[in-house]
Amino acid sequence: MTIFEKIISREIPARIVEETEDWIAFHDVNPQAPVHVLVIPKRVITRVGEAAAGDGPLLGKLLLGAQEVAKKLGILESGFRLVINHGKDGGETVPHLHVHVLGGRHLGWPPG
Ligand code: 5GP
């Protein structure tokens, strides 16, 4: 069981922003921007590169969830960035798909 499943089951605490039957959004414990929220599916998809065609509707809901978070936290107008890390070079550390929602400051490009 990953740490994110423990957050879903409330075994460990998190600052939850929003939750639906399909996904949950909570503040990252180590924020890289004034707003840094993770949107994760409740049904485990390990990583984006292992998602199946049947996961399409759930993947779409995660993006709409990120939009909801951006609206709720007031960064829709100022701008924000969505990040999904896959694998070692991508910087993935938790094997449970998650969309980072980053905003509240200007974000440099390209990323490091
Ligand atoms: P990744 O590096 O896999 O793309 O992102 C994992 C993210 O999960 C990191 O930004 C890390 O700070 C966050 N994270 C790891 N453990 C916890 C935790 O226990 N609680 C919360 N809220 N975030 C966590």
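The following exchange concerns the ligand site of a predicted model.

Local features require pLDDT of at least 70 and side-chain atom pairs pLDDT 80 or more, while totals for chains, interfaces and linings use all residues. Residues are numbered from 1 along each chain as its sequence is written, and side-chain values use heavy atoms, without hydrogens and water.

Visitor: Which residues are the closest to the ligand?
Guide: A residue is near the ligand if one of its heavy atoms lies within 4 Å of it. The ligand is surrounded by 16 residues. The closest are D28, N85, G91, T93 and H100.

Visitor: How far is an oxygen atom of the ligand from an N or O atom in the side chain of D28?
Guide: A polar contact here is a pair of N or O atoms within 3.5 Å. Through its backbone, T93 places a polar atom 2.6 Å from a ligand oxygen atom, and V29 has a backbone N or O atom 3.3 Å from a ligand nitrogen atom. For the side chain of D28, the distance to a ligand oxygen atom is 2.5 Å.

Visitor: Which element gives the most to the shell around the ligand?
Guide: Helices (H or I, at least four residues) and strands (E, at least two) are DSSP runs, numbered from the N terminus. Two or more shell residues come from each of α1 (3–8) and β2 (23–27). With three residues, the element giving the most is α1.

Terms used: A polar contact is a pair of N or O atoms within 3.5 Å; within protein, one must be able to donate a hydrogen and the other to accept it, and residues adjacent in sequence count only if both atoms are side-chain atoms.
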